[in-house]
Amino acid sequence: MDISGKVAIVTGGAQGIGRAVTECLLKKGARGVTIADVHEQKGQETVNEFSQQYDNERVTFMYADVTLKSQMEDVFRKTKTTFGRVDIFICNAGICNEYEWERMVDINFTSTIRNTYLAVEYMGTKNGGNGGVIIINSSTAGLTQFPVLPVYSAAKSGLVGFARSVAVRQIIDTKCSVRIGILAGYSSLFSSIGFLLDIYVYEHLTCQ
Ligand SMILES: NC(=O)c1ccc[n+]([C@@H]2O[C@H](COP(=O)([O-])OP(=O)(O)OC[C@H]3O[C@@H](n4cnc5c(N)ncnc54)[C@H](O)[C@@H]3O)[C@@H](O)[C@H]2O)c1
Ligand SMILES: CC[C@@H](O)/C=C/C=C\C[C@@H](O)/C=C/C=C/C=C\[C@@H](O)CCCC(=O)O
């Protein structure tokens, strides 16, 4: 995809993968990128750094919790006002915490679906948008079992099922010119998080 002149929203872009994707979009010539994240300090730091490196008119931070519809609506509305359009939605924000599994399902799964529909509403040609691309950040844990992170794995599997089904039916492509894709990355963090998170599963799923 030719990124030049395109406008993107990246959830969870204050740090980690979302930050790297934001930088990649800027390097490839995106006209504007909005980082939507709950980590205000990191978000501002990232924007300050990228503004110096790339051009301060091209990247902006908005405090937004992906689980709150009104805040995400604000993100789409303001991005459109600031940059004139929205072409790319990187649905990346996520947490990994089996102790707070209900919140994890809300952030990693439920909100991703809600915000995908919101993105289609804003980018789709049906409502006067230019069409676009949605990328959902799942995980290899969504393609296979992950014994130490069962709920994380379930939520990420759900995203794969959702994106595949939407893509195969081609509803949003044909009616709205919006394409959907899914990322399923692996990790180099296992040696540290694997041990810590296994404790929860041990406490709750064993009968000893
Ligand atoms: N790191 C990996 O190895 C790996 C591998 C595969 C998939 N993933 C997925 O990639 C995505 C990003 O992972 P990461 O490693 O960069 O994580 P990270 O913790 O470094 O960054 C996640 C970002 O999401 C933000 N965030 C969390 N909850 C939010 C909310 N409710 N609303 C808005 N923003 C919120 C955080 O503030 C943070 O800036 C996640 O969805 C994760 O599941 C990560
Ligand atoms: C959201 C915060 C982020 O930083 C946390 C990421 C947590 C996990 C990374 C995950 O997305 C990748 C998972 C890949 C799993 C693949 C297969 C497993 O079965 C491998 C298990 C390996 C092991 O047990 O050591």
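In the predicted model, helix α3 comprises 15 residues, from 69 to 83. The distance from its first C-alpha to its last is 21 Å, close to the 21 Å expected at 1.5 Å a residue. The helix is followed by Gly84, a residue with a positive phi near 90 degrees.

Five residues of α3 are named as buried: Met72, Val75, Phe76, Thr79 and Phe83. In this context, buried means under 20% relative accessible area. The buried residues lie on the same side of α3, because they cover an arc of only 90 degrees around the axis. An α-helix has 3.6 residues a turn, so residues three or four places apart point the same way. The cover over the buried residues of α3 includes four strands, β1 (7–11), β2 (32–37), β3 (59–63) and β4 (88–91). Helix α4 (101–123) also forms part of this cover.

The model also contains ligand 1, which is surrounded by 25 residues. The closest of these are Ile17, Asp37, Asn92, Asn137 and Tyr152. Backbone atoms take part in several polar contacts with this ligand, among them those of Val66, Asn92 and Tyr186. For Val66, a backbone N or O atom is 3.0 Å from a nitrogen atom of ligand 1. For Asn92, a polar backbone atom lies 2.8 Å from an oxygen atom of the ligand. For Tyr186, the distance between a backbone N or O atom and an oxygen atom of ligand 1 is 3.3 Å. Taken alone, ligand 1 exposes 830 Å², and the protein buries 84% of that area. Two or more residues of the shell around ligand 1 come from each of the helices α1 (16–27), α4 and α5 (150–169).

Around ligand 2 there are 16 residues, and the closest are Ser139, Gln145, Phe146, Tyr152 and Tyr186. Tyr152 is thus listed among the closest residues of ligand 2 and also among those of ligand 1. In the side chain of Tyr152, an N or O atom is 2.6 Å from an oxygen atom of ligand 2. A polar side-chain atom of Ser139 lies 2.6 Å from an oxygen atom of ligand 2. With Gln145, the contact involves the backbone: one of its N or O atoms lies 2.6 Å from an oxygen atom of the ligand. Ligand 2 exposes 670 Å² when taken alone, of which the protein buries 69%.

Methods. Residues numbered from 1 in each chain as written. Chains lettered and ligands numbered in written order. Predicted model: local features only at pLDDT ≥ 70, side-chain atom pairs only at ≥ 80, totals over all residues. Heavy atoms only, no water. Expected span 1.5 Å × (residues − 1). Buried < 20%, exposed > 50% of the residue type's maximum accessible area, 1.4 Å probe, protein only. Arc of directions from axis to C-beta. Contact = heavy atoms within 4.5 Å. Near = heavy atom within 4 Å. Polar contact = N/O pair within 3.5 Å; in protein donor to acceptor, adjacent residues only side chain to side chain. Areas by Shrake-Rupley, 256 points an atom, 1.4 Å probe, with all protein chains shown as cover.
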